[in-house]
Amino acid sequence: MATIKIDGLKKRYANGFEAIHGIDLDVADGELVVIVGPSGCGKSTLLRMVAGLETITEGTLSIDGTVVNDHEPGQRDIAMVFQNYALYPHMSVFNNMAYGLRNRGVGREEIKRKVADVAAILELGDLLDRKPAQLSGGQRQRVAMGRAIVRDPKVFLFDEPLSNLDAKLRVQMRIEIKRLQRRLGTTSLYVTHDQVEAMTLADRLVVMNAGRPEQIGTPMDIYTNPASMFVAGFIGSPAMNFLALERMEGGRLRLPGSEAMLAEDDGSNGAPVLGIRPEHMRTVGTAADADIVLSVDAIEPLGADTLVYGRALGQEGEIVLRLGGSHSIGEGDNLPVAFDRNHLHFFDRANGRRADVRT
Amino acid sequence: MQKRVTFSHRYLPYLLVAPQIIITVIFFIWPAGQAVVQSVLVEDAFGLSTEFVWFENYQELFADPSYLQTFYRTIVFSFSTAALAMGFSLLLAVMADRIIKGESVYKTMLIWPYAVAPALAGVLWFMMFNPTIGIISFLLGKVGVSWNHYLNGDQAFLLVVIAAAWKQISYNFVFFLAGLQAVPRSLIEAAAIDGAGPFRRFWSIVFPLLSPTTFFLLVVNLVYAFFDTFAVIHATTQGGPAKATEILVYKVFNDGFIGLDLGGSAAQSVVLMVIVIVLTIVQFKYVERKVAY
Ligand SMILES: Nc1ncnc2c1ncn2[C@@H]1O[C@H](COP(=O)(O)OP(=O)(O)OP(=O)(O)O)[C@@H](O)[C@H]1O
Ligand SMILES: [Mg+2]
């Protein structure tokens with residue numbers, strides 16, 4: 001039972017580098033908030049400030065209504081799962097899990113019971129006498145989870161806990177983490193740069209960019225209403241396509257070379273950009289019905305879906321299209337493509353923010 | 001796959017290792033052989049005749065209570081020196097590990113004592129503790145401790161331990177610091193989150209992870225104290241007062257060169273040689289297997 005309140009948090013490192021420029025975030029009791037962003041955006045820094053491993057330069061951090069800025073990590077009643085697991089190499093699995101309990105003066109019998117309980121949940125029962133060096137990557141990951149769970153802390157902090165696992169195990173553990181978190185109901189902050197992990201785990205998502213939160217919201221909210229080109233490009237795979245628009249008289253916006261008007265604005269946006277996700281485009285019979293004609297460069301059949309890569313007249317970047325099922329499209333084909341009008345996004349090229357337009 | 005270097009000339013490799021081999025033979029193997037030969041001979045007082053006596057010299061040695069006394073004293077001396085040198089250097093290394101600014105200055109300064117010759121190191125401490133002019137004995141006098149290592153055997157013993165340990169601190173420091181810096185930060189952080197304070201973190205995480213370094217240094221320090229402290233003692237107490245600081249290497253010298261009992265002295269040095277060999281084997285065995293965890 002715990003809430004986290006992050007209020008105007010900033011971090012400047014000793015060398016003067018400003019890693020976090022200010023972030024506000026309220027995490028509700030039992031909520032799993034995922035912090036996602038590209039490498040170097042300050043995700044770990046933020047998490048480590050919550051853990052107490054980095055000092056807070058400015059702002060306040062409260063857990064359960066108590067300001068904990070000056071509390072030692074051990075006093076904050078949090079548990080953290082590290083990317084490299086940080087298991088104590090000279091201790092058995094049992095002792096790794098028992099260490100935090102011993103430090104808190106829990107009795108011998110109770111430690112045994114608690115470790116046994118958690119070992120049963122994580123299927124570690126047979127491994128309790130092993131040293132970390134004698135475990136597989138996946139087992140180490142479980143021990144790291146076990147060490148966090150056994151203390152029954154107020155908050156779980158995860159710093160890319162799955163990035164050292166292979167793809168299959170990563171999916172398994174992702175599901176398991178979610179299941180455990182639901183079952184225990186422990187408030188959690190989870191850092192990752194993998195947007196699939198972020199989307200599937202999060203109750204709420206914080207998309208960070210260069211030390212600033214770009215958008216905070218539920219995964220679906222962020223997917224359907226990205227607040228900026230950065231967020232739109234980061235969440236979703238393959239990434240959203242961005243197409244340059246022309247402004248006609250009266251502020252009407254259209255694709256270069258197309259007759260169809262897509263939207264209208266009052267001219268206050270700089271260079272308008274259309275964002276459209278690969279899954280929100282479809283092929284049509286004739287060029288007359290199409291928004292763009294794609295000259296196909298490459299095709300990736302994925303089984304369930306087919307990704308088509310190509311270029312369109314008047315557009316600089318490559319355009320990706322996701323089609324359901326398999327298709328007999330060849331390289332060099334000219335493919336007439338229409339957009340789903342319910343899923344158009346408009347941005348202002350100058351500042352990257354979502355643009356205010358009428359459709 | 002082993003890499004093999006091919007030389008153009010057949011004898012070149014031999015020529016290249018020759019200086020090393022010659023030095024080893026002349027200064028190590030040959031004297032060692034001489035000692036072994038000497039240790040089974042007895043020479044008369046005038047050096048006119050020698051007699052082959054099998055292991056009589058060794059039997060006499062181990063029947064001599066003063067030799068056994070010296071043996072015991074040497075063990076106490078070696079372990080005290082090793083403990084002091086390692087304890088103190090570990091403390092310094094832990095502090096240096098925390099320093100970020102001025103680290104290189106601090107490290108460089110701590111390396112210096114290693115460059116000081118053992119005899120000088122001994123004399124340095126001898127002067128500082130000198131009962132009449134020494135600064136430390138003066139300060140000790142102020143707090144009511146009367147220091148005179150010319151008369152007091154225990155104090156003399158303590159003095160040579162301090163002087164011998166001081167020499168070795170730099171060496172230990174470098175290894176401990178490297179060992180400390182090899183402990184992953186995330187382990188310390190995990191322990192901090194697990195509620196362990198700085199002391200508990202050190203004793204339950206850092207120290208056990210340092211055990212290979214500690215073991216290696218223990219052997220090195222024991223070997224040093226056993227065999228390399230001759231100069232320290234010779235330059236200061238010369239084994240006195242009343243043999244209070246006479247350790248095995250010093251006794252070899254004393255009995256051989258002062259007492260002129262060449263056979264006995266040679267037997268002593270063979271015993272020392274055996275100890276070195278055993279310690280070295282132990283070291284190799286354990287270092288290979290990586291101690292503890
Ligand atoms: N101790 C430090 N001193 C100075 N700058 C630092 C320090 N630690 C991190 N930084 C800088 O702060 C920024 C954010 O680092 P952080 O580790 O939080 O990134 P991240 O989002 O976790 O990236 P990744 O996904 O690669 O782990 C980076 O530009 C990094 O270089
Ligand atoms: Mg990181």
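In the predicted model, A:Glu176 and A:Arg179 form a salt bridge in which the closest N and O atoms are 3.9 Å apart. Because these two residues are three positions apart in helix H5 (residues 167-184) of chain A, about one helical turn separates them. A:Glu176 counts as buried, at 12% relative accessibility, whereas A:Arg179, at 44%, counts as partly exposed.

This pair belongs to a total of 20 salt bridges found over all chains in a search of the whole structure. Another of them joins A:Glu54 to A:Lys11, with the closest N and O atoms 3.8 Å apart; this contact links distant parts of the chain, since A:Glu54 is placed in the loop between H1 and E4 of chain A and A:Lys11 in strand E1 of chain A, 43 residues apart. The relative accessible area of A:Glu54 is 19%, and as the threshold for burial is under 20%, this residue is classed as buried. A:Lys11 is likewise buried, at 3% relative accessibility. A:Glu54 also meets the side chain of A:Arg48 in a salt bridge of 3.3 Å, N to O, and A:Arg48 is buried too. These residues take part in a network of salt bridges that links A:Lys11, A:Arg48 and A:Glu54 with B:Arg185 and B:Glu189.

The surrounding secondary structure of chain A includes an open sheet of four strands in the order E2-E1-E4-E5, with antiparallel pairing. Strand E2 (18-27) and strand E5 (66-67) stand at the edges with a single partner strand each, so that one side of each is left without a neighbour in the sheet. Two bridges connect strand E4 (residues 58-63) to E5(A), and A:Ser62 has A:Val67 as its bridge partner in E5(A). Helix H1 (residues 43-51) of chain A lies across strand E1 (4-12), E2 and E4 of that chain, and runs at about 120° to E1(A).

A parallel pairing is found further along chain A, where strand E6 (residues 78-81) and strand E7 (residues 155-159) are joined over four bridges, with A:Leu157 in E7(A) as the bridge partner of A:Met80. In a regular strand, side chains alternate between the two faces of the sheet. In E6(A), A:Ile78 and A:Met80 point one way while A:Ala79 and A:Val81 point the other way, and all are buried.

Strand E18 (residues 305-312) of chain A has six of its eight residues buried and is therefore largely enclosed by the rest of the structure. Strand E17 (residues 292-301) pairs with E18(A) in the antiparallel sense over seven bridges, and A:Leu294 has A:Ala312 in E18(A) as its bridge partner. The two strands form a hairpin with three residues between them, and A:Gly303 in the turn has a positive phi of about 95°. E18(A) also pairs in the antiparallel sense with strand E19 (residues 319-324), over six bridges, and here A:Val308 stands opposite A:Leu321 in E19(A). In this hairpin six residues lie between the strands, and A:Gly314 in the turn has a positive phi of about 80°.

In chain B, a nonpolar surface patch of about 1,000 Å² is made by B:Val17, B:Ile21, B:Ile22, B:Ile23, B:Val25, B:Ile26, B:Phe27, B:Phe28, B:Ile29 and B:Trp30. B:Trp30 lies in helix H1 (residues 12-38) of chain B and is exposed, with a relative accessible area of 55%.

Note on methods:
Residues are numbered from 1 along each chain as its sequence is written. Chains are lettered from A and ligands numbered from 1 in the order in which they are written. This is a predicted model: local features need pLDDT of at least 70, side-chain atom pairs count only at pLDDT 80 or more; totals for chains, interfaces and linings use all residues. Side-chain values use heavy atoms; hydrogens and water are left out. Two strands pair if DSSP finds at least two bridges between them. Contact means heavy atoms within 4.5 Å. Axes are lines fitted to C-alpha atoms, for helices over the stretch in contact, and angles run from 0 to 180 degrees between N-to-C directions. Patches are made of residues with over 30% relative accessible area and no salt bridge: like charges are joined within 9 Å, nonpolar side chains (Val, Leu, Ile, Met, Phe, Trp, Tyr) within 5 Å. Accessible areas come from the Shrake-Rupley method with a 1.4 Å probe; for residues, only the protein chains shown count as cover. A salt bridge is a side-chain nitrogen of Lys or Arg within 4 Å of a carboxyl oxygen of Asp or Glu. Buried means under 20% relative accessible area, exposed over 50%, partly exposed in between (1.4 Å probe, protein chains only).
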